[in-house]
Amino acid sequence: MLSEETAVGLFPCETVRMMSEVAESAEGSPREHGHPEAITAAITDRVAWAVAHAAVQAAEDLKVAAILCPTRSGLTAHRVAAFRPKMPIAGISTSPQVLGGLCLVWGVQPLLVPDNADADQLRQAIALARAAGLVRDGDLVAVVFGSTGPRAGSTDSVRIVRV
């Protein structure tokens, strides 16, 4: 966005300063547009969006330490992040490619699940969040996930769990 102006423009420092001010201003009120337009538009998976919304609402009502999103495609963490929760979001996946994409999503900390990891998704997610310093013993967490099955993107469940 700034490459041409900062490389050959007459005011590179001023340009970067202005873009910084715009970004800081936008981040100062992240929840101003707290209801993603995708919810009101025609979307294919209304259940997944409703679960993400419910998870963020419950997480804020209960003041959980973090929202954990085990995900195969990254969509669960994307949907949760769209609601701009106050607490961190952990995008948890076995795929480095998915985690690379999640590095660019607002509020999401990507966490890699080792290939030889335990099959218990909930226990895995909590262990990774604990190791990353997102949660401690006694904290509440919200875990947003899809039922087991072959289709990625089928987020349909949220659980509140004490660590």
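**Exercise 1. What percentage of the 163 residues in the protein do buried residues make up?**

Solution. The model is a predicted one, and in this model buried residues make up 37% of the 163 residues. The next step is to set this beside the overall architecture, which consists of seven helices and five strands, arranged along the sequence in the pattern α-α-α-α-β-α-β-α-β-α-β-β. Among the contacts with a separation of 6 or more, 50% are between residues 24 or more positions apart. The accessible surface amounts to about 9,500 Å², and carbon and sulfur atoms contribute 57% of that surface.

**Exercise 2. Identify the buried residues of helix H7 and the strands against which they pack.**

Solution. Begin with the helix itself, which spans residues 121–131 and in which Gln124, Ala125, Ile126, Leu128 and Ala129 are buried. A general point helps in reading such a list: an α-helix has 3.6 residues a turn, so residues three or four places apart point the same way. Then turn to the partners, where the buried residues of H7 pack against E1 (66–70), E2, E3 (108–112), E4 (140–146) and E5 (155–162). Finally, look just past the end of the helix, where Gly133 adopts a positive phi of about 80°.

**Exercise 3. Classify the geometry of the aromatic pair formed by Trp49 and Phe83, and locate its two members.**

Solution. The count for the protein is one aromatic pair. In that pair, the rings of Trp49 and Phe83 lie 6.1 Å centre to centre with 70° between their planes, and because planes over 60 degrees apart count as edge-to-face, the pair falls in that class. Trp49 belongs to helix H4 (residues 46–62), whereas Phe83 sits in the loop between helix H5 (75–82) and strand E2 (89–93), so that the pair links parts of the chain 34 residues apart. Both Trp49 and Phe83 are buried.

**Exercise 4. Is Thr71 buried or exposed, and which residues does it touch?**

Solution. Thr71 lies in the loop between E1 and H5. Its relative accessible area is 8%, and because the limit for a buried residue is under 20%, Thr71 is buried. Leaving aside residues up to four places away in sequence, Thr71 touches Thr76, Ile92, Ser93 and Leu102. In addition, a polar atom of the Thr71 side chain lies 3.4 Å from the backbone nitrogen of Ser73.

**Exercise 5. Describe the salt bridge of Asp137 and the accessibility of its two residues.**

Solution. Side chains of opposite charge can pair when their charged atoms come close. The count here is one salt bridge, in which Asp137 is joined to Arg130 with the closest N and O atoms 2.8 Å apart. Asp137 is exposed, at 63% relative accessibility, while Arg130, at 38%, is partly exposed.

**Exercise 6. Where do Lys63 and Arg84 lie, and what is the sign of phi at each?**

Solution. As background, most residues other than glycine have a negative phi. Lys63, in the loop between H4 and E1, nevertheless has a positive phi of about 55°, and this residue is exposed, with a relative accessible area of 68%. Arg84, in the loop between H5 and E2, likewise has a positive phi, of about 50°, but is partly exposed at 27% relative accessibility.

Technical notes:
Residues are numbered from 1 along each chain as its sequence is written. Side-chain values use heavy atoms; hydrogens and water are left out. Rings of Phe, Tyr and Trp (its six-membered ring) pair if their centres lie within 6.5 Å; planes under 30 degrees apart count as stacked, over 60 as edge-to-face and the rest as tilted. Helices (H or I, at least four residues) and strands (E, at least two) are DSSP runs, numbered from the N terminus. Buried means under 20% relative accessible area, exposed over 50%, partly exposed in between (1.4 Å probe, protein chains only). Contact means heavy atoms within 4.5 Å. Accessible areas come from the Shrake-Rupley method with a 1.4 Å probe; for residues, only the protein chains shown count as cover. A polar contact is a pair of N or O atoms within 3.5 Å; within protein, one must be able to donate a hydrogen and the other to accept it, and residues adjacent in sequence count only if both atoms are side-chain atoms. A salt bridge is a side-chain nitrogen of Lys or Arg within 4 Å of a carboxyl oxygen of Asp or Glu.
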